[in-house]
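Me: I'm new to reading protein models, and I'd like a close look at one single part. Could you walk me through one helix and then show me how its surroundings fit in?

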Amino acid sequence: MQQSTPQSHGPRMCQAIATAVAVTLGATLLTSCVRGRSLVDAPDDPTGPSGAVGYAPPPPSGGAVAPTETDTVYATPALSAPGFTIPANFLGLSFEAWDATDAPRLTDPALPQFLKNLGAGVLRYGGSTADQQCWNPSTRTVCPAGGPTLINSDFANVFSFSRATGWPVIYTVNLVGLQPDTAAAEVAALSSAGSTSLLTVAIGNEPDQYVTQGLRASGWGYTQYQGEWESYANAITARSPTVKFSGVDGCCALGTTWMSPFVGAEDSRMVMAAGHLYPTFNGATAGTTYYPSIANLLSQYTQNRVMSDVQQLYSGDAGRLPLRITESNSVGGSGLQGVSNVYASALWAVAHMFVLAENGAVGVNFHGSFSGGNYEAVSGGSGSYVAHPLYYAMLLFHNAAQGQTIPVSVVAHNSPNVMIHAALASDGTLRVVAINNEVSTNVQVRIAPGRTFRSAGTLRMTGPSLDATSGVTYAGATVGADGTWVPGTYSPVYTTSGVFAVSVPASSVAVVTLVP
């Protein structure tokens, strides 16, 4: 046997931060550990596990054959120590500025269903092309920086799609061009089109990388960034006083250090702290943990590094604002075929979302494009779309991540690469998520919750192989080209002396739902 550390860290992180700043912020932080700090939370979610588009109830406890796998993982959820509440709008998608000009897809009546399957969420337009874009009220002129020129009819399409899905919008204006008055006119048109569907405005994309990318001269740093940001915020607020902001939207270690002074200075204008997070990167050196590979993506080391990154962002924010990871995916730099577009990315994404939720993030926006690429959740057009492996991970999270995160102590026999996460709903339903990242080793997971549950059932995410690009299912079902998806029924769970045991085949995820 080998004892692992608990794989859910919300309460411990809450307490550590609250202790560190107890004098000035302790009450706020302790409150944020137990509430959903969501801007557009939807408590009555019709697509959730109890909703009309959801799932049949799990069967009574027992009724299944005992698992026989030799490799066993023992999981003990700490139900008396819940962590952060997971907001209903935790899920999100992020797009380049170019995607705001994609009228055929934004107006395609088939596309909204894919997002409706995921419940409440948030759309974000930004990426590197946000700092290359221009705006003109009605004429699509040539943009000097080579990016898109957005016009007001684009905003109409963006918000038509937003209202069709129920997902509000984070919109990024171009900071590199240093035209605050133009940005103010742009946001005025944006706000007029969006009204309450405009969630926040971000000013610049990954400004911590401007010097590295040659977008600012050497010596330019946080002080200069804040001054430029304020010139934009002042101009925008003068024309659109109800607009609120989010930031820093940094990508790397330098951006993390900017979080604390920025939020401390600007939080009265903001409704959200924002950061970007990728576990691997195109261009990383082979042999390092940042190199994009399936093995790196699914390693516990990578998840621990992500946990540390989000903890640092949360610590910098210090509980003053909701922290959202507004851009993320498996491989930074537009993804990589064979890693970010395959079934392994779905296994990674399930763990990634839980790690973020357990450590203070109120949501994550997966970057991509409906027009296609290397790491999309959904792509296609003309009424026919493909749900990629990442999408199935989002479906699973929407089903499983109900209520508060729960820390799980894990003891693993033979140390298989298995990750366990859990969430406790307000009605007492416990959902335990077991991710088996092994290529060929099946395991059994034995859950000892320490409470009585009258019903228990399992839903599974499966795929043909870690490098498969299709054939993924969740709850025994695939998603149709028009977004239709009908989940199957729960399979029973073997129960003995208060322990719930399930088989978890290699390269699969089991969601065990326990109803009191």
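Reply: Let's begin with the buried residues of helix α12: they are Pro389, Leu390, Tyr391, Tyr392, Ala393, Met394, Leu395, Leu396, Phe397, His398, Asn399 and Ala400. That is 12 of the 12 residues of α12, so the helix is largely enclosed by the rest of the structure. Keep in mind that you're looking at a predicted model. Buried here means under 20% relative accessible area.

How far does α12 reach from its first C-alpha to its last? The helix covers residues 389–400 and spans 17 Å, close to the 16 Å expected at 1.5 Å a residue.

Now, who touches this helix? One good place to look is Met461, whose contacts include Tyr392, Ala393 and Leu396, and those three are on the list of buried α12 residues. Met461 also touches Tyr343, Ala346, Leu347 and Val350, and among its other contacts are Val472, Thr473, Tyr474, Ser508 and Val509. Neighbours up to four places away in sequence aren't counted there.

Met461 turns up again in the largest nonpolar core, which has 115 residues: Met353, Met461 and Tyr474 touch the most other members. Helix α11 (residues 343–358) gives the most to this core, with 13 residues. There is also a second, separate core of 26 residues, which includes Ile406, Leu430, Val432 and Val504. As background, nonpolar side chains tend to be buried together in soluble globular proteins.

Let's zoom out for a second. The protein has 12 helices and 27 strands, and 59% of its 516 residues count as buried. Take contacts between residues at least 6 apart in sequence: 78% of them join residues at least 24 apart. On the outside, about 18100 Å² is exposed, with carbon and sulfur atoms supplying 54% of it.

Charged side chains are worth a look too. Side chains of opposite charge can pair when their charged atoms come close. The count of salt bridges here is five. One of them joins the side chains of Arg124 and Glu327, at 2.6 Å from N to O. Arg124 sits in strand β4 (residues 122–126) and Glu327 in strand β12 (residues 323–328), so to speak of distant parts of the chain is fair: the two are 203 residues apart. Both Arg124 and Glu327 are buried.

Another salt bridge pairs Asp154 with Arg140, with their closest N and O atoms 2.8 Å apart. Asp154 belongs to helix α5, while Arg140 is in the loop between β5 (134–135) and β6 (149–150). Are these two partners buried or partly exposed? Asp154 is buried because its relative accessible area is 2%, whereas Arg140, at 45%, counts as partly exposed.

Helix α5 (residues 152–165) is also the place of Ser162. Ser162 is buried as well, at 2% relative accessibility. Leaving aside neighbours within four places in sequence, Ser162 is in contact with Leu123, Trp167, Pro168, Val169 and Ser197.

One more pair: Glu228 and Arg216 form a salt bridge, with the closest N and O atoms 3.0 Å apart. Glu228 lies in helix α7 (residues 222–239) and Arg216 in the loop between β8 (198–203) and α7, so this pair ties together parts 12 residues apart in sequence. Glu228 is buried at 12% relative accessible area, and Arg216 counts as buried at 12% too.

Notes:
Residues are numbered from 1 along each chain as its sequence is written. This is a predicted model: local features need pLDDT of at least 70, side-chain atom pairs count only at pLDDT 80 or more; totals for chains, interfaces and linings use all residues. Side-chain values use heavy atoms; hydrogens and water are left out. Helices (H or I, at least four residues) and strands (E, at least two) are DSSP runs, numbered from the N terminus. The expected span of a helix is 1.5 Å times one less than its number of residues. Buried means under 20% relative accessible area, exposed over 50%, partly exposed in between (1.4 Å probe, protein chains only). Contact means heavy atoms within 4.5 Å. Accessible areas come from the Shrake-Rupley method with a 1.4 Å probe; for residues, only the protein chains shown count as cover. A nonpolar core is a set of buried Ala, Val, Leu, Ile, Met, Phe, Trp, Tyr and Cys residues joined through side-chain atoms within 4.5 Å. A salt bridge is a side-chain nitrogen of Lys or Arg within 4 Å of a carboxyl oxygen of Asp or Glu.
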